[in-house]
Amino acid sequence: MTTSVLSTRNLTKQYGSGSARFDALTGVTIDIAEGESVAIVGKSGSGKSTLMHILALLDSPTSGELDVDGVAAAKLKGTRLNALRNRTFGFVFQQFFLTPNTTVLDNVMLPLKIAKIGTRERKRRALEALEQLELSDKAKAKTTELSGGQKQRVVIARALVNNPRIIFADEPTGNLDSATSAVVEDLLFRLNQEKGITLVIVTHDEELAARASRRIYLKDGCVVDGTEVAA
Amino acid sequence: MRAIDILKTAIGNSFRSRLRTSLTVIAIFIGAFTLTITNGLGAGINNYIDSQVASIGAPGVMNVTKPVEATDATDGPKPYETSSPSEVSSGTGQPGATVLALTDDDLTAIGAVEGVTSVDPRVAVRPDYIEYGDAGKFQLNVSPLSAGVQIELAAGATLDQNGNELQIVLPTTYIDTLGFESNEAAVGKTVTIGITNALREQTTVDATVVGVQEPTLLGASPSINNALTTALYDAQNVGIPTDSANQYAAATARFDPASTPAQITQLKARLVDAGYAGTTVADQIGTFQSVIDGIILVLNAFAVIALLAAGFGIINTLLMSVQERTREIGLMKAMGMSGGRIFALFSTEAVFIGFLGSAIGAGVAMLVGGVISRVLANGLLKDLAGLQILTFTPSAIITVLLLVMGIAFIAAVLPASRAARQSPIDSLRYE
């Protein structure tokens, strides 16, 4: 049976205090199993990005618990936390976050560099990842010379180069036209199906969400059922 | 991230915004260049003075005189004492300055002072002329060579102080004038020295030229050995009453050359208690050195101020760099890079910029200094043989490099720790 890689109990997140207090999450309890593709759907301000950031250990919840692989995230500190981020997670962002004025290859190698992997091995694996995304010919190109679709494919190559178990995608197609979006979506779901990488997609795009094996709808920081959001 | 990757990435990053890096490097360059030049100047002049000190007087030798007791302006003249010795020209200090002549009793008293190992009278010989062949007679001032003094020889050998041969070492400036063909040709030749005795009769003494010396900072006069000094002194004193003959302007007191400056100060204090004044060569020349050290210190202070300004340049450069790369930092953190490594990355970048600026600065300073030094040595400072006005020692260069890199690192602490503290999510949200 599939086991739960990410599970939360009653997560809350507040920003500010007093009259300026804003509750981004008000008690979220979810379970994400290994190999699932989950879409976190909601309008802007629904708390979906906040939830993803907490799941990816980029942010900490105000209260509630988060287990990653059965380990309480609150107990992860320093080296173990960094090792977990480095080996378990891959990120795909709407804004790409590629380092300008450096080559595609350098960008893809970054997670391996952080992981202290040797130069030759680093290059081999990065080229392999670029190959999978049909970007081998762009390895030496500067990131600024690429089109939006190419940039997002570089980002995906970077996300999967370290063989992560979970890929977090924050509005992965937000900046792309529909034809390119389709290519990127295909790529992400193929990784999920072929490699069994757990996929967590944050989106407000119903069409993209529909392709995920499961959808979690958020409204005002709460998990609601699908019909409510659509209404 | 491995250390080598941090280094490579930091170097790569510093070249990413070339203009900004170059401007900071120029600021550091100016400071490092100035510091290297001023240090070189200090080393060059002090080296020269050290070699001069060695040629003028050895450690462990002190010039002892008997100062005239000052009378208070309000007091009348002191009563005349038949026993009081006559005043003689001191030969050193201001022109016309006199000291009380030392008698044989004084020499015994000086020898008895604790710490003095031996004492010799400094006899003043006043020869009239020196002559070689038929090139004419020339005025002659000689200084007896004290024990342990080293002279910088251009040719020949140094004086034999114990032998009976009458020996003289001529400065290079005398060679042409006296009619020798070259420095080497002068060695071994015999010169004639004329001297007038108390009866106004002129007699001559023949001496052998054993060496040719480079002129020193304190002038260029020939040096003579003990045998020649005695011979000239005897020739000069013919006709002087014996009680008056044994009067000396100064005496040379020897003490343990390994004495510490504190011990030398104590020795001087004991001499003062006994009624004498002692000065070492280091005292005379040392004042030069302390003035030069003071000037170099001030120049170095300016250079360090320039470097401090450059340090703020580094802070500014890095702060902009951190700001510009906020999202990159966030991403690296999201990918599991620790705060410590981020700090290392940015501080390495600063240290690299510091290294670049100081290496170029020191390198250019050495090139420019070498050229200036050579031009001056053949031009303005031609008369000061052996003076290399800018001397660059490896240790001084390394000190400059380390100092600048240290300043760069300190400058990096604020921006780099700001980068290290950033939470990944805030950085990623940053627009």
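How many salt bridges count between chain A and chain B? The count is 1. Arg122(A) supplies one side and Asp5(B) the other, with their closest N and O atoms 2.6 Å apart. This is a predicted model. It scores ipTM 0.85 and pTM 0.68.

**The contact between the chains**

The contact draws 24 residues from chain A and 22 residues from chain B. About 2100 Å² is buried between the two chains. Carbon and sulfur atoms give 61% of that area. Polar contact adds to the picture: 4 residue pairs are counted between chain A and chain B, both partners at pLDDT 80 or more.

Which elements give two or more residues to the side of chain A that touches chain B? They are helix H2 (78-88), strand S7 (89-93), helix H3 (104-114) and helix H4 (119-132) of chain A. H3(A) provides the largest share, 4 residues. By class, this side of chain A has 10 nonpolar, 8 polar and 6 charged residues.

**Helix H2 of chain A**

H2(A) is one of the elements on the side that touches chain B. Its buried residues include Leu81(A), Asn82(A), Leu84(A), Arg85(A), Asn86(A) and Thr88(A). Their cover comes from both chains. From chain A it includes S5, S7, H3 and strand S8 (166-170). From chain B it includes helix H10 (326-334) and helix H13 (424-429).

**Confidence in chain B**

Chain B has a mean pLDDT of 80. Of its residues, 85% reach 70 or more. Among the elements of chain B, helix H11 (residues 339-378) has the highest mean pLDDT, 90. Strand S2 (residues 87-89) of chain B has the lowest, 56.

**Salt bridges**

Over all chains, the count comes to 18 salt bridges. The table gives four of them, including the one between the chains.

| Residue | Partner | N to O distance |
|---|---|---|
| Arg122(A) | Asp5(B) | 2.6 Å |
| Asp59(A) | Lys13(A) | 3.4 Å |
| Arg125(A) | Glu121(A) | 3.9 Å |
| Glu324(B) | Arg20(B) | 3.3 Å |

Take the salt bridge between Asp59(A) and Lys13(A). Asp59(A) sits in the loop between helix H1 (48-55) and strand S5 (63-68) of chain A, and Lys13(A) sits in strand S1 (residues 4-15) of chain A, so the pair ties together parts that are 46 residues apart in sequence. Both Asp59(A) and Lys13(A) are buried.

The bridge between Arg125(A) and Glu121(A) stays inside one helix, H4 of chain A. The two residues are 4 apart, about one turn of the helix. In an α-helix there are 3.6 residues a turn, so residues three or four places apart point the same way. Arg125(A) counts as buried because its relative accessibility is 16%, under the 20% limit. Glu121(A), at 33%, counts as partly exposed. The two also belong to a wider network of salt bridges, which links Glu121(A), Arg124(A), Arg125(A) and Glu128(A).

In chain B, Glu324(B) meets Arg20(B) in a salt bridge. This pair links distant parts of the chain, 304 residues apart. Glu324(B) lies in helix H9 (residues 281-324) of chain B, Arg20(B) in helix H2 (residues 18-56) of chain B. Is Glu324(B) buried or exposed? Glu324(B) counts as exposed, because its relative accessibility is 57%, over the 50% limit. Arg20(B) is buried, with a relative accessible area of 14%.

**Two buried residues**

Ala159(A) belongs to helix H5 (residues 148-160) of chain A. At 5% relative accessibility, Ala159(A) counts as buried. Leaving aside residues up to four places away in sequence, Ala159(A) touches Gly90(A), Phe91(A), Val92(A), Pro164(A) and Ile167(A). Its C-alpha atom and that of Phe93(A) are separated by 9.9 Å, with their positions 66 residues apart along the chain.

Ser14(B) is placed in helix H1 (residues 3-14) of chain B. Its relative accessibility is 0%, so Ser14(B) counts as buried. Where does its side chain find a polar partner? A polar atom of the Ser14(B) side chain lies 2.7 Å from the backbone oxygen of Ile11(B). Beyond residues up to four places away in sequence, Ser14(B) touches Thr21(B), Glu349(B), Phe352(B) and Ile353(B).

Terms used:
Residues are numbered from 1 along each chain as its sequence is written. Chains are lettered from A and ligands numbered from 1 in the order in which they are written. Side-chain values use heavy atoms; hydrogens and water are left out. Contact means heavy atoms within 4.5 Å. Buried area is the accessible area (1.4 Å probe) that two parts lose on being put together, summed over both. A salt bridge is a side-chain nitrogen of Lys or Arg within 4 Å of a carboxyl oxygen of Asp or Glu. A polar contact is a pair of N or O atoms within 3.5 Å; within protein, one must be able to donate a hydrogen and the other to accept it, and residues adjacent in sequence count only if both atoms are side-chain atoms. Ala, Val, Leu, Ile, Met, Phe, Trp, Tyr, Cys and Pro count as nonpolar, Asp, Glu, Lys and Arg as charged, and the others, Gly among them, as polar. pLDDT is the predictor's confidence in each residue, from 0 to 100. Buried means under 20% relative accessible area, exposed over 50%, partly exposed in between (1.4 Å probe, protein chains only).
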